[in-house]
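Student: Could you take a close look at one part of this model for me? I'd like to hear how two of the copies are related, and then what a single chain looks like.

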4 protein chains.
Amino acid sequence: MIGGGTGAFIGAVHRIAARIDDQYELVCGAFSSNAENSRASGTLLGLNPERVYNSYRELFEKEKQLPEEERAQVISIVTPNHVHFEPARLALESGFHVILDKPMTFSLDEAKELGKIVAETGMLFCLTHTYTGYPMVKEARQIVASGRLGKIRKVFVEYPQGWLSSFEEGTDNKQASWRTDPARSGIAGAMGDIGTHAFNLAEYVSGLQVSQLCADINTVVEGRKLDDDGAALLKFKGGASGVLMSTQVAAGEENNVKVRVYGEKGGLEWQQSDANSLQLKWTDRPAEILRTGGGYLSSFASHNTRTPAGHPEGYLEAFANLYRNFALCIKARKDGKDPEPEWLDFPGIEEGIRGMAFIENVVASGKSEKKWFDFII
Amino acid sequence: MIGGGTGAFIGAVHRIAARIDDQYELVCGAFSSNAENSRASGTLLGLNPERVYNSYRELFEKEKQLPEEERAQVISIVTPNHVHFEPARLALESGFHVILDKPMTFSLDEAKELGKIVAETGMLFCLTHTYTGYPMVKEARQIVASGRLGKIRKVFVEYPQGWLSSFEEGTDNKQASWRTDPARSGIAGAMGDIGTHAFNLAEYVSGLQVSQLCADINTVVEGRKLDDDGAALLKFKGGASGVLMSTQVAAGEENNVKVRVYGEKGGLEWQQSDANSLQLKWTDRPAEILRTGGGYLSSFASHNTRTPAGHPEGYLEAFANLYRNFALCIKARKDGKDPEPEWLDFPGIEEGIRGMAFIENVVASGKSEKKWFDFII
Amino acid sequence: MIGGGTGAFIGAVHRIAARIDDQYELVCGAFSSNAENSRASGTLLGLNPERVYNSYRELFEKEKQLPEEERAQVISIVTPNHVHFEPARLALESGFHVILDKPMTFSLDEAKELGKIVAETGMLFCLTHTYTGYPMVKEARQIVASGRLGKIRKVFVEYPQGWLSSFEEGTDNKQASWRTDPARSGIAGAMGDIGTHAFNLAEYVSGLQVSQLCADINTVVEGRKLDDDGAALLKFKGGASGVLMSTQVAAGEENNVKVRVYGEKGGLEWQQSDANSLQLKWTDRPAEILRTGGGYLSSFASHNTRTPAGHPEGYLEAFANLYRNFALCIKARKDGKDPEPEWLDFPGIEEGIRGMAFIENVVASGKSEKKWFDFII
Amino acid sequence: MIGGGTGAFIGAVHRIAARIDDQYELVCGAFSSNAENSRASGTLLGLNPERVYNSYRELFEKEKQLPEEERAQVISIVTPNHVHFEPARLALESGFHVILDKPMTFSLDEAKELGKIVAETGMLFCLTHTYTGYPMVKEARQIVASGRLGKIRKVFVEYPQGWLSSFEEGTDNKQASWRTDPARSGIAGAMGDIGTHAFNLAEYVSGLQVSQLCADINTVVEGRKLDDDGAALLKFKGGASGVLMSTQVAAGEENNVKVRVYGEKGGLEWQQSDANSLQLKWTDRPAEILRTGGGYLSSFASHNTRTPAGHPEGYLEAFANLYRNFALCIKARKDGKDPEPEWLDFPGIEEGIRGMAFIENVVASGKSEKKWFDFII
């Protein structure tokens with residue numbers, strides 16, 4: 001693991017996600033850019049001190065030299081955005097598979113470069129757009145793909161948070177500090193941090209790609225250096241339209257990402273606050289509520305569920321689904337077998353490049369007087 | 001009553017709304033442009049046949065001549081949009097107070113003209129933006145006005161319907177027929193029919209006025225003559241921003257108008273499908289659910305409630321609140337008294353003009369390549 | 001109308017319910033046992049003073065003598081329980097149809113006596129168990145009757161309120177005063193006031209009759225003279241079992257009556273706080289949400305709905321459905337026609353007798369050391 | 001681990017729960033009464049084959065002989081009920097701490113005997129009543145204990161499932177097979193399997209102990225050997241009353257355990273289907289919704305939460321909380337430190353004995369003609 005030392009939120013989440021299905025063992029790490037912190041974190045995590053490194057460069061150099069059976073196979077990178085590309089590149093080029101936190105890189109250029117490296121090295125790559133790990137989100141995608149809703153016409157996606165309603169970066173809130181800092185986050189704040197999740201979720205569930213957008217991007221809280229609020233009108237290839245909303249100043253909101261997709265015959269709705277339900281709405285018959293664990297679900301939903309219906313699975317399980325499917329694919333490759341379609345259903349380099357393109361396009365659109373902005377990669 | 005003959009949806013709703021609080025008696029009507037239909041409807045409604053008229057012109061002429069104690073005092077106009085202005089004008093100029101269905105007129109020009117006539121005649125005027133009649137919507141407005149949420153930053157309003165997901169105007173659906181017909185509805189379809197409700201609700205609850213918008217307006221169903229779907233990014237005077245969404249092709253949706261407003265300290269959320277609840281969300285303490293009939297509510301909410309908490313009041317009661325408050329104001333004027341502030345809280349000519357301006361601006365923006373469109377009246 | 005003077009809750013509700021569908025005109029009343037109050041109420045209601053009576057006896061005497069076309073046809077009795085039987089008896093024997101508030105009488109003996117009088121006089125009789133007026137409750141009954149759930153096994157019904165959590169009868173709360181007074185309410189408090197509603201709802205929806213019960217009846221608030229809380233285990237004819245819960249000391253609860261019925265193949269759930277939804281749950285497929293106004297509903301639901309799906313109808317509309325169906329039956333009789341099955345679907349004398357039997361049996365069971373108490377009428 | 005071989009539901013859950021917080025390592029097991037199955041399961045779990053045993057007796061014998069640093073410290077017992085007592089006894093007497101699945105034993109006598117053994121050996125003991133591991137259930141308990149609701153008057157607890165609506169034990173459903181078999185489950189079916197959870201939850205949240213009960217116990221599905229449905233009226237020490245409902249034939253229900261507690265001033269409500277919310281209802285002010293991760297929660301809730309508010313934590317995390325707190329207590333003992341109060345908040349031997357007493361009392365009450373049955377241990 002690169003990053004994720006004491007006090008980091010997402011590092012701990014990654015570690016839990018990796019443990020849940022017992023497919024990973026944490027064997028080494030460079031947990032902080034500060035060598036002392038890295039060692040302290042390694043000790044807390046019970047690692048062999050020899051495999052707690054002072055820097056990610058050291059990690060790759062040393063791990064590469066270990067015998068194959070002993071050395072790390074997968075590198076999780078959970079650092080702030082400005083330290084995504086370089087360790088990912090090194091990891092891939094050193095022969096490690098990579099799990100990388102989103103947004104994929106600091107810039108679209110880096111993202112495209114990373115795409116080439118993944119292609120050249122042939123290593124496996126997973127980007128942690130967690131929401132696509134929920135069983136009912138997978139079901140939603142399958143239902144759209146099956147054509148049951150008819151041709152898709154409308155996509156609404158929203159991600160309202162309220163935790164940046166005041167100037168948190170002026171306090172000792174580490175999360176707020178780097179996420180609002182252009183030097184560490186890149187050109188986008190809310191749009192990069194959660195807008196990319198919303199964008200990914202919209203494309204994943206609808207199976208459509210955004211072709212144009214028109215954005216309103218705002219920095220609401222005084223003194224903040226990046227956007228903390230935004231919305232965009234969307235056009236999809238094939239004619240559907242949509243709305244994306246993503247804000248961190250919706251005071252009182254937690255993390256209620258929600259997606260709605262409507263076709264000719266019906267619509268669907270999923271939201272994280274009721275993550276184990278998927279609502280289908282029909283023009284001519286009663287709405288249906290599909291539930292995690294239901295015997296009537298697709299293999300994509302049931303493969304990603306651990307308990308019978310009625311035992312709520314949450315965010316950590318969704319995260320673990322990414323880890324588990326990635327592990328199954330790695331294992332299949334080692335065993336020389338073809339992975340099942342259900343295992344391959346995790347976000348990768350393509351989603352990462354599109355996510356970075358979203359950031360660059362949405363920010364540019366926000367600043368532009370032009371109404372419709374082509375979604376360029 | 002003008003319009004609202006057999007088979008009309010909104011006419012029956014107006015009549016129930018007028019009856020609920022026993023402040024009105026239906027005494028005369030011209031229920032249809034077809035004289036025979038008008039008479040048949042009058043008979044069904046148990047009216048004195050002498051006061052069932054062949055046309056609204058006849059109605060005004062004859063009613064004017066009746067002794068004051070006998071003649072109609074208020075005219076409800078519930079015709080399609082193209083027959084709003086002329087009867088309203090005649091009514092006002094003939095000395096009748098007017099209740100008019102939304103959108104107010106066929107065009108903004110008519111609306112402004114009607115504004116002048118209201119001012120000149122001094123008659124009272126009510127526009128039936130029903131949703132502002134809900135007790136919890138009134139409470140929402142009071143909470144924003146009280147400053148409890150802090151300065152308002154963000155307004156989301158949405159009105160998804162699905163009933164026009166197919167080409168209903170090709171069937172014998174009377175509602176679909178006139179609402180999708182430019183000759184009867186005006187330049188807007190969904191944006192006029194329900195977009196104006198959403199717009200009105202956003203301005204009513206937030207207490208803010210839209211200053212700029214950027215719209216995406218679509219005609220999704222093939223063969224349809226007017227828009228059936230749209231969304232707009234909004235800028236409000238004072239710096240808040242927002243999103244308005246209004247569609248009639250969200251297959252499977254009923255009528256779930258919803259508004260969310262966020263300020264510096266908290267946010268609120270109301271939606272028609274749970275009309276008796278108002279959710280307040282705070283950055284630093286648990287969310288609260290305010291309920292119709294709660295002892296802790298403002299006079300604006302409690303004045304508009306008929307039953308103790310826990311007895312759901314619905315759409316008809318919200319509609320009736322407009323009628324009742326209008327009646328109370330008329331009575332106060334007759335009695336030479338000042339109306340209470342709670343009675344005056346119904347939509348009127350100002351809201352009607354802004355609604356028509358919304359239609360014209362949003363349609364123009366939809367066609368424009370310019371991003372931000374000034375909201376011009 | 002008998003009772004329902006100024007300050008009475010349920011009288012005003014009856015009047016609104018009667019007005020909503022324009023099938024009734026309030027023509028006379030004896031609104032209070034106090035003649036002055038009665039007259040004052042009559043004035044407020046705009047009645048002809050000659051038809052505002054000092055007592056219900058006077059009302060019947062005088063109204064009987066009026067010409068048939070002029071005199072009252074239906075008497076609504078909305079007094080406290082101890083003034084139910086006598087005016088109802090007089091009304092029926094004087095040739096008036098009767099609408100009576102629940103519980104039907106002061107005692108089971110009175111109820112059975114009233115049953116005889118209804119049979120002898122042949123007049124029509126309606127008891128206002130409001131909850132059976134909700135469209136989705138009617139749908140629930142139809143679904144059970146259709147056999148779609150299979151044979152019924154389990155019935156849960158609950159009616160939690162919190163408004164009597166403190167000694168309200170020690171304040172000037174008129175509602176609390178008579179509802180906790182044995183001289184006016186009879187032998188039961190909560191069990192009579194709301195337990196009978198729960199009991200009626202359980203039998204109505206399930207189509208089954210209670211055969212045995214085992215009750216725990218409590219007076220929780222110190223100084224109170226009647227029960228304010230209770231629960232009962234139920235046995236139904238045919239083998240189903242159930243639980244009834246009804247309390248007025250569930251602090252913070254409003255009026256959330258709820259019923260659940262389970263058969264071999266599925267279950268259903270309805271609750272007043274979401275009155276326009278009916279949930280069906282299945283063992284082998286997704287749950288469904290049926291909604292008021294849905295095109296797929298039975299004639300029993302759609303007959304009792306005024307607006308299209310998505311316009312919430314509430315408690316007053318449910319109440320109005322009782323009034324409307326009763327009016328349709330009266331009209332059918334006058335016209336010498338057979339009423340439609342949908343019109344006949346309102347609670348009557350049979351339900352009233354069973355309700356009073358419930359009160360007597362549940363109170364007796366509460367006091368008994370015997371476990372299973374036969375439900376005796 | 002004892003039990004939990006391939007195909008067992010709860011064994012896998014225990015293993016995930018143990019892994020989530022990285023406080024346990026699975027080092028040995030006797031996963032099945034069939035030695036071959038045990039070995040196969042051990043292989044799948046990646047255990048050292050030398051520490052996969054043919055029987056739990058062998059496990060204890062061999063593990064005892066290992067050096068302290070190497071041998072198992074905690075034994076998880078996840079077998080059917082008839083194989084709870086003996087391995088638990090042996091484990092404790094062999095010096096292992098024990099985590100045992102509920103219900104604790106096959107009979108109350110065994111339970112009391114186990115209580116003595118725990119006391120004599122001084123080993124630590126945890127019983128997996130999972131629902132008390134949810135952060136918002138812990139918060140509920142704290143709120144009641146704080147007195148904010150006033151003196152508790154009423155407790156409703158319900159646990160409806162539908163999975164045994166048909167004769168599942170006639171199919172190859174392993175879960176149904178042992179849970180309906182008196183030889184493996186004991187004298188109770190639904191009442192033992194989920195009734196004990198409901199009972200435990202009611203006592204845990206209310207802080208009260210049941211003193212009397214009156215039960216209706218049914219075997220609904222033909223051919224079944226144990227109860228599959230039941231309800232009980234409850235009396236608590238101190239005067240509160242309540243209702244417990246627990247059924248496995250509520251067709252269409254998943255696993256929606258729910259508890260409501262009402263005091264003089266307010267009430268609370270929690271249910272597993274919305275596990276991250278806790279509703280507080282008040283007589284005099286708006287209801288509040290407390291949410292997992294909220295900054296305003298007690299240390300008991302926040303100690304048991306892994307992610308910020310808005311990231312749903314589910315059943316597995318609740319289960320993991322039991323494991324984690326147990327581990328923290330074990331570690332504290334090893335370190336010679338006092339455990340924090342939050343760590344000690346897991347169900348143990350006392351809850352296990354009361355649970356078994358519940359089973360015996362509720363079954364006896366179900367068969368008895370006597371109404372109120374003293375809750376005897």
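Tutor: Start with chains B and D, keeping in mind that this is a predicted model. Turn chain B by 180 degrees with 0.0 Å of shift along the axis, and chain B lands on chain D with an RMSD of 0.0 Å. That is how a two-fold axis relates two copies. If you want a landmark for that axis, go to Glu288(B): of the residues of chain B, its C-alpha comes closest to the rotation axis, at 2.2 Å. The contacts fit the picture too: 100% of the interface residues of chain B are also interface residues in chain D, so the copies meet through the same surface.

Now for a single chain, with chain A as the example. Its secondary structure comes to 12 helices and 12 strands. The C-alpha trace spans about 65 × 50 × 40 Å along its principal axes. The radius of gyration of chain A is 20 Å, which agrees with the value near 21 Å that a compact globule of 377 residues would have. Buried residues, meaning those under 20% relative accessible area, make up 66% of chain A. As for how the chain folds back on itself, take the contacts with a separation of 6 or more: 67% of them join residues 24 or more positions apart.

On the outside, chain A has an accessible surface of about 13,200 Å², with 48% of that belonging to carbon and sulfur atoms. For the charges, count 41 positive and 50 negative side chains in chain A; the centres of the two sets lie 4 Å apart.

Methods
Residues numbered from 1 in each chain as written. Chains lettered and ligands numbered in written order. Predicted model: local features only at pLDDT ≥ 70, side-chain atom pairs only at ≥ 80, totals over all residues. Heavy atoms only, no water. Helix = DSSP H or I, 4+ residues; strand = E, 2+ residues; numbered from the N terminus. Rg over C-alpha atoms; globule rule 2.2 N^0.38 Å. Buried < 20%, exposed > 50% of the residue type's maximum accessible area, 1.4 Å probe, protein only. Contact = heavy atoms within 4.5 Å. Areas by Shrake-Rupley, 256 points an atom, 1.4 Å probe, with all protein chains shown as cover. Lys, Arg positive; Asp, Glu negative; His and termini not counted. Charge placed at Lys NZ, Arg CZ, Asp CG, Glu CD. Least-squares fit on C-alpha atoms with pLDDT ≥ 70 in both.
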